[in-house]
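Hello,

Here is the structure I promised to pass on to you. Please have it open while you read, as my notes follow below it.

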Amino acid sequence: MNRNTEAQYSPSSSAGTPPRMDIYVGIHKALRAMMLDTLQAVGRIDVDDPAETRAACERVQELADICASHLGHENDFVHTAMEARRPGSSERIAAEHVEHLAAIAGLRAAASALLAIGCGATQAQAALRLYRQLALFVGENFAHMHVEETQHNQVLWSCYSDEELRALEGAIVASLPPVENLCIMRWMVPAMTPAERAELLAGVQAAAPAPVYAAVLDVVRPHLAHEDWVKLTRALVPAEVPVRIVA
């Protein structure tokens, strides 16, 4: 793919100047959407329903997996690039990443503890503790991502060309297992604007094998409103080709 699930373009630029490559905007939209949806799921757990409780805890574990992996990608690729040309520029966020790893471990433990407790008041209390713990994690990450999107982008834009940032994007893409890539696409594409969706998926359509492109559409479509799917389909098909929209 030539459009990584870890990158998109910055929506802001001066008049007449093309926007710079923004390596954070797409993945951070995905993470925010996944975090909020998971937080809501945990907040409404019916602890008297074992299947629902297990499903919510599994979602916490999946979020923990994605967050830990994303953190690793930033450390290994983005921070390495920043430090190569502006030493010390990633220190603050790198330190926060250490704290986030501890928080992720805490979320995993809290979700496992909830499953290990029998039904009743004790389990309800454990569910509330998990919810509040996750809420703090989400809030801290929202502030953390804002620093990356502002301060880190300024470093990247001042030290690297867009071509170099796309090469960095390509290295991140190559490191993503297919299952993780599809999971990120599932959350990223619905969280994007119609224009961002069309640009992202046009890149996948042009660069990826047909089965991979089809798999991406399959994982994304159930999470798009009908109107959004219509807009996307029309954007991806040449105007002269009739578009068959299935409700």
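Let me begin with Gln123, which is buried at a relative accessible area of 5% (buried means under 20% relative accessible area, exposed over 50% and partly exposed in between, with a 1.4 Å probe and protein chains only). Gln123 sits in helix H4; helices (H or I, at least four residues) are DSSP runs, numbered from the N terminus. Leaving aside residues up to four places away in sequence, Gln123 touches Val47, Thr53, Leu114, Ile117 and Gly118, where contact means heavy atoms within 4.5 Å.

Before going further, a word on the source: this is a predicted model, in which local features need pLDDT of at least 70 and side-chain atom pairs count only at pLDDT 80 or more, while totals for chains, interfaces and linings use all residues. Residues are numbered from 1 along each chain as its sequence is written, and side-chain values use heavy atoms, with hydrogens and water left out.

Cys119 is found in the loop between H3 and H4. Is Cys119 buried or exposed? With 56% relative accessibility, Cys119 counts as exposed. From C-alpha to C-alpha, Cys119 lies 8.7 Å from Asp49, although the two are 70 residues apart in sequence.

Now for the cavities. The structure has three of 30 Å³ or more, and the largest has a volume of about 100 Å³. Of the 14 residues lining that largest cavity, Cys67, His70, Leu71, His100 and Asn141 are the closest to its centre. A cavity here is a set of points on a 1 Å grid over the protein atoms alone where a 1.4 Å probe fits but cannot get out, and lining residues have an atom within 4 Å of a point. Points are joined across faces, edges and corners, and a volume is the space filled by probe spheres set on them.

Helices H1 (25-43), H2 (50-85), H3 (91-116) and H4 (121-159) each give two or more residues to the lining of the largest cavity, and H4 gives the most, with five. The lining of the largest cavity divides into seven nonpolar, five polar and two charged residues (Ala, Val, Leu, Ile, Met, Phe, Trp, Tyr, Cys and Pro count as nonpolar, Asp, Glu, Lys and Arg as charged, and the others, Gly among them, as polar).

Last comes helix H9 (residues 226-236), where Trp229, Val230, Leu232, Thr233 and Leu236 are buried. They cover an arc of only 165° around the axis, so they are on the same side of H9; the arc is that of the directions from the helix axis to the C-beta atoms. The buried residues of H9 pack against helices H7 (194-207) and H8 (210-220), while the face turned away from the buried side carries the exposed residues Glu227 and Arg234.

Best wishes

Terms used. 1 Å grid on protein atoms, 1.4 Å probe; cavity = no way out; pocket = protein on both sides within 12 Å on 5 of 7 lines; lining within 4 Å.
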